[in-house]
Amino acid sequence: MPSPLSRTAELIPELEALCPGRVSTTPPDRAAYARDLWPRGLIGVAAGDPAPYPPDAVVWPTTTDEVAAIVKAAARHRTPIVPFGAGSGVCGGALPIHGGLVVDLKRMRRFLALDEQAGTATFEAGIVGEHLEHALNRRGWTMGHFPSSIMCSTYGGWLAARSAGQLSTKYGKIEDMVRRLTLVDGRGEVHELEAGGAPDLCQLAVGSEGTLGLITRATCTVARLPEARLLRGWAFPRVSAGCEAIRRLLQRGLRPAVVRLYDELDSLLHRTERDEETVREGASLEAWLAMLTPKGRAGVSDWKRRAISAALLRPDLVNKLAGAVLPYARQGCLLIVGFEGERGLAEAEARAATLELERAGGRDLGPGPGERWLKHRYAVSFRMSKVFDAGAFVDTMEVATSWDRLLELYQAVRQAVSPLAFIMAHFSHAYPDGCSIYFTFAARGGSRAEAERKYDQIWRAGLAAATKVGATISHHHGVGLSKAPFMPEEHGEAMAIYRALKDVLDPHHIMNPGKMGL
Amino acid sequence: MTLDLLEERLRHAVGAAHVSGEAGRVVVRPGSAAEIVDIVRVARELSAPLGVGARRGVALDLDRMHSVLHLDETSLLVSAQAGLTAAGLEAQLARRGLTLGPLPAWSRERTIGALLAAPRPSEASPRLGRVTALCAGVIGVLSDGTEVATRVAPRKATGPDLMHALVGARGTLGLITSATLRVCRRGESRLEAAFRLPTVEAALTAARALLVAGGRPLDLQVACAPATLTVTVDGTPAHAEAEQALAARIAAEHGGVPTPALPPPAWTRAPHERFVPIERIEAAAPTTSGRVIGWHLYGATCADPERAPEGPRAASPLLAALKRRLDPDERLPAWPGT
């Protein structure tokens, strides 16, 4: 591990004075913040490179004033700052690629206010999602924000990367919920930004992934814990029929909390594995891959494991085979639809949805599939890092577009990625004007270099296909390092506005440098 | 800069028929976004100020830019030029059973460009949010002539939502030339119910409770004299009835009794209004001064004091800094009052 740069060495005593006992330059601490959950990094970890980008130092502030003072000191020394929540990002956004200072906000975790009349709650940014939700639940409220990373992501991280929860169709993405936030910019100036204003400066800060400053606290809308939750599974013969049914629901004004349509392959794996403990919602491919891991080997026949392992080296053949066989699979695609909230409203919406789904050709599968989904919804894929030990890698690509292009997007990305990886998808986060598609893909490389090359090739092919259709390259995982090369294409000339924001808020370009294509 | 030279250059850019010299300014009526780009470049070369309806330099008049560019009935998205009025757009949407959603009567003659650049608090609905929430993307021009088009997607996680440098910024950072808006189908059932409450405080508390309980009425208003809560719901028949039942239950819990719907309060016709976050609404203070005559609630916000000037709050330091960076020569209009 390289030793800290001299510029940081001068900064450390200043930080020690600002945050006594809460600054570290020890190798273990620096190693702990040297990576996030970007799957490309996990390929390296599996190959024996666990700490690719160690920061020079880590500091744990406890107040907004401390954060501002830290940034002012770092700005004087032109030292890079990387804001850090819980490190669950999957795009390399929290990697200190230029060294410098990691500012870990997890000690800023207070529950500051609940306004029951307005339906809003205020928290500090470093609180872990699950703790935030439990704190609200104890008082009869919910944020309605349930990313599968809820146990290993923070409130500030959600806001910084425009997170979406599993119930976003009802409660909104985090940028729909935020009412105001506190941003410490790259000069150490503190901004209180209000949402819904004109212009809405809050929306210019949300999603900036640490490139404009650090979010230290925020107020979001909250809802009363639902009186009723009604989940049902539906079978549709094809993806197109399922998408059409979702579009009709949303455009009739219904707001289901859960809408998840699995494509034929995802549905098949979902069903096959549904009674086993290894099943993971949205990660049923990972459940299969788990058979490759040492723990998963127990009880899995040797031929099955070898077959999967071999298949990942020839994904083109597997995808072709799946494409040929699946249209004849009897049960088609699985759709889970759920309503929740005040009982009268939820029941009325569920009744209206049932009529609409039957009219669209759906077959009612009863409450079972939905309940199984609910039970496993937090079984997140970070537990699957063992798959990487077996030489394989798995990742997800979440793109979104309007309804008129949605199936074109689905086909285009599948076609682009199929020769390179085993790929399947589900459709979630639906809106009246469009929907996101969540692709899961897996492949294997013989060596680390080969795996990384293949990994990059898959992303280039998938995102180029998405951009060509006119879709956005990310619905809720963010951009970070991995999608930075695609930002000029995503925003075109409008990048001038982002660069202007950067120059104004972070004139020394110390905030999370090298990210977001800036 | 001489106005004669400016006028001559603009005639060359958009055609003589669409340029006219007036005292201290040249009025120009572009017919397309490309022409606006040309006009901005001419203004830049000749160091002339410009803006929609500017009093000096180049005064853009977007009357000719009143076309619907694309209607996507599958995604319920419409792209329209900035000079089209809300009423003009509504007329075209109505033929397809679509609507922008509720807008106050006096907002209907505003153009799409004006609604998005300078939205007013009452241009909103609890169901659909502020009028700016209808905007899925804009095409615009920055002061250096750069044409920007934000990507249209239902939601994105690709950095700040850059559209907000133009939307709501009153033309200070750039000009909006066209926008893509979310529209909705006209609901099959529309129900309106009004409730008389013992006090304005009770009416406001009931209105907020309805929103917190998950009600998403199309429109929600509180009138002060007499204290009345008016709720408009729409959607599928079953859903509209359930929403109305919830409203009736919550009104009753706060002492409300059904009453025939009142004519809309005067403020829906007069644009004297002010934005107040919902948690800061205090019925008592303004009502004792006799100033507030009604409240228009949406998402979670808004109030409406009579005669309070609608003028925007002072520009924030961030907006001012962004202006210095994006429009260093101050060619575009300044934030009102600065």
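**A four-stranded sheet in chain A and its interface with chain B**

Within strand E4 of chain A, the residue that serves as bridge partner to A:Pro83 is A:Val103. This pair comes from a predicted model, and it offers a way into the sheet around it. E3(A) and strand E4 (residues 101-104) of chain A run parallel and are joined by four bridges. Taken as a whole, the sheet is an open one of four strands, which follow the order E1-E2-E4-E3 in chain A with mixed pairing. Its edges are formed by strand E1 (23-24) and strand E3 (81-84) of chain A, each of which pairs on one side only. In general, the strands of a sheet pair through backbone hydrogen bonds, in either a parallel or an antiparallel manner.

From the sheet we turn to the place where the two chains meet. Here 79 residues of chain A are in contact with 63 residues of chain B, and the two chains bury about 5,700 Å² between them, with 60% of that area on carbon and sulfur atoms. On the chain B side, B:Arg151, B:Arg155 and B:Leu318 supply 14% of the area buried against chain A, more than any other three residues.

Polar and charged groups also meet across this interface, where the rule finds 22 residue pairs in polar contact and six salt bridges. One salt bridge links A:Glu342 with B:Arg249, whose closest N and O atoms lie 3.0 Å apart. The side of chain B that touches chain A draws at least two residues from each of strand E11 (147-149), helix H5 (200-212), helix H6 (237-253), strand E18 (274-277) and helix H8 (317-326) of chain B. By residue class, that side of chain B comprises 30 nonpolar, 14 polar and 19 charged residues.

Key: Residues numbered from 1 in each chain as written. Chains lettered and ligands numbered in written order. Predicted model: local features only at pLDDT ≥ 70, side-chain atom pairs only at ≥ 80, totals over all residues. Heavy atoms only, no water. Pairing = 2+ DSSP bridges. Contact = heavy atoms within 4.5 Å. Buried area = accessible area lost by both parts, 1.4 Å probe. Salt bridge = Lys/Arg side-chain N within 4 Å of Asp/Glu carboxyl O. Polar contact = N/O pair within 3.5 Å; in protein donor to acceptor, adjacent residues only side chain to side chain. Nonpolar A, V, L, I, M, F, W, Y, C, P; charged D, E, K, R; others polar.
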